[in-house]
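Visitor: I have a structure to read and little practice. Please walk me through it, one feature at a time.

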Amino acid sequence: MSARPDPGRRDALKLALAGGVASALGPGLFLVAAPAEARAPGLAASSAQRWGILIDAARCAEDCSLCVQACSDEHGWTVGGPPGREPQWIRTVAATDPVSGRSVRLPLMCQHCALPPCADVCPTTATFRRADGIVLVDRHLCIGCRYCVMACPFNVRFFLGDAVDNQRPHSPRGKGTAEGCTLCVHRVDAGGEPACVEACTTGAMVFGDLNDPQSAIRDSLASLPATRLRADLTLGQSVQYRGL
Amino acid sequence: MTQGVTSSGWLRRYGAPLAVGIAALVIAVLALRLANDARASLPSTEMAAARGPCLLPAEQMRRAHMDLLLHERRVAVREGIRNPQASLERCVTCHATHDAAGISLSANDPRHFCRACHDQVAVRVDCFSCHRATPAIAAADTETAR
């Protein structure tokens, strides 16, 4: 493939290299925080950004499932699929405190851990954490062993056992591979926000760059406390909750 | 008589090489015919050409498309470098084949652009067990197609 003419990518790589040299003081040290905008086309995802969602469960309406429907529409999985084999990239979970009787309802999807157990156990490195913190399945490498499904403490990784047709062009999915929330990586790469966040009408979900001190999500995190689910596992999830 | 002896002598002398030469010529012509037939049975790229230039000329694409796809899939999925010009989505959009009713053919149909060659050379690809094999349809149609 050495003869392949691809000046665009070569230029982009040179640009990236130049930028890295200019801003790096040493390994892991940077003079200024990287900007939060979408990357220029041709640049790889980098750890300068870390995408996350802050969910205020107190704002979730009683019977609202707009985020679930939006995800289903965006990625082409069916809500209420075959029992026991239903993929739920995102679902609403209700919990009640047995003492006070207070109940809370929250959307649950891949938590995009900093130390993802699913990626730990993957024998083929199909499950991986992208540099900007998004945990994905590289279906080209997935052998369908389902270790990740078992390893996930939040039960948000699924195995697709049925053949699918008419997939969304931006969201390939196929029989015999593991799948889960991609944080709408195709939208994020284009500078957008995930479909669930876009669909939320109550403002319960805030999406942004956790590394950017100017971002709305960092603003919100600075003003009020938020927790991670099963914080005792110290997985460092990018999805955080409030009002639980 | 002298003429006959001379003639048979000529035949005896040049007959074998001549026969070999003629046979070689016939074989060459037949091989060329077959090669042309094979070329003629390759899927047409004319329709796709109407949608703009391909990444590389057709001759090179026939030999290199698998390497291009392998490269693109790695950088796109694992590094997030998306190149819409070299995406599989663009391949199936430009090279869409349709049935008589004008409906895009899926990869299950032997007339699908990719299948036309892959069937001939007995290469089975599983791109389309996960990827969409037809052009994206309008959002309104996805509900019925699902």
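Guide: Start with a term. Buried means under 20% relative accessible area, exposed means over 50%, and partly exposed is in between, with a 1.4 Å probe and the protein chains only. This is a predicted model, where local features need pLDDT of at least 70, side-chain atom pairs count only at pLDDT 80 or more, and totals for chains, interfaces and linings use all residues. Residues are numbered from 1 along each chain as written, chains are lettered from A and ligands numbered from 1 in the order written, and side-chain values use heavy atoms, without hydrogens or water.

Visitor: What share of the residues in chain B is buried?

Guide: Buried residues are 21% of the 146 in chain B. For chain A, 43% of the 244 residues count as buried.

Visitor: How many helices and strands does each chain have?

Guide: Helices (H or I, at least four residues) and strands (E, at least two) are DSSP runs, numbered from the N terminus. Chain B has six helices and zero strands. Its order from the N terminus is α-α-α-α-α-α. Chain A has seven helices and 11 strands.

Visitor: And what about contacts far apart in sequence?

Guide: A contact means heavy atoms within 4.5 Å. Take contacts between residues at least 6 apart in sequence. In chain A, 59% of these join residues at least 24 apart. In chain B, 48% of these do so.

Visitor: How much surface does each chain expose?

Guide: Areas come from the Shrake-Rupley method with a 1.4 Å probe; for residues, only the protein chains shown count as cover. Chain A has about 12100 Å² of accessible surface, 58% of it from carbon and sulfur atoms. Chain B exposes about 10200 Å², and carbon and sulfur atoms supply 63%.

Visitor: Now a strand. Is S3(A) covered on one face or both?

Guide: In a regular strand the side chains alternate between the two faces of the sheet. In S3(A), residues 51–56, both faces are covered. Trp51(A), Ile53(A) and Ile55(A) are buried on one side, and Gly52(A), Leu54(A) and Asp56(A) on the other.

Visitor: Which strands pair with S3(A)?

Guide: Two strands pair if DSSP finds at least two bridges between them. S10(A), residues 205–209, pairs with S3(A) in the antiparallel sense over five bridges. S11(A), residues 239–242, runs parallel to S3(A), joined by four bridges. Look at Ile53(A). It stands opposite Phe207(A) in S10(A) and opposite Val239(A) in S11(A). Leu54(A) stands opposite Gln240(A). S11(A) also has both faces covered: Val239(A) and Tyr241(A) are buried on one side, Gln240(A) and Arg242(A) on the other.

Visitor: How many cavities are there?

Guide: Rolling a probe the size of a water molecule over the atoms shows where empty space is left. On a 1 Å grid over the protein atoms alone, a cavity is a set of points where a 1.4 Å probe fits but cannot get out; lining residues have an atom within 4 Å of a point. Grid points are joined across faces, edges and corners, and a volume is the space filled by probe spheres set on the points. The structure holds four cavities of 30 Å³ or more. The largest has a volume of about 130 Å³.

Visitor: Which residues lie nearest the centre of the largest cavity?

Guide: Cys60(A), Ala61(A), Cys64(A), Cys67(A) and Cys200(A), out of 15 lining residues. S5(A) gives the largest share of the lining, three residues.

Definitions and conventions. 1 Å grid on protein atoms, 1.4 Å probe; cavity = no way out; pocket = protein on both sides within 12 Å on 5 of 7 lines; lining within 4 Å.
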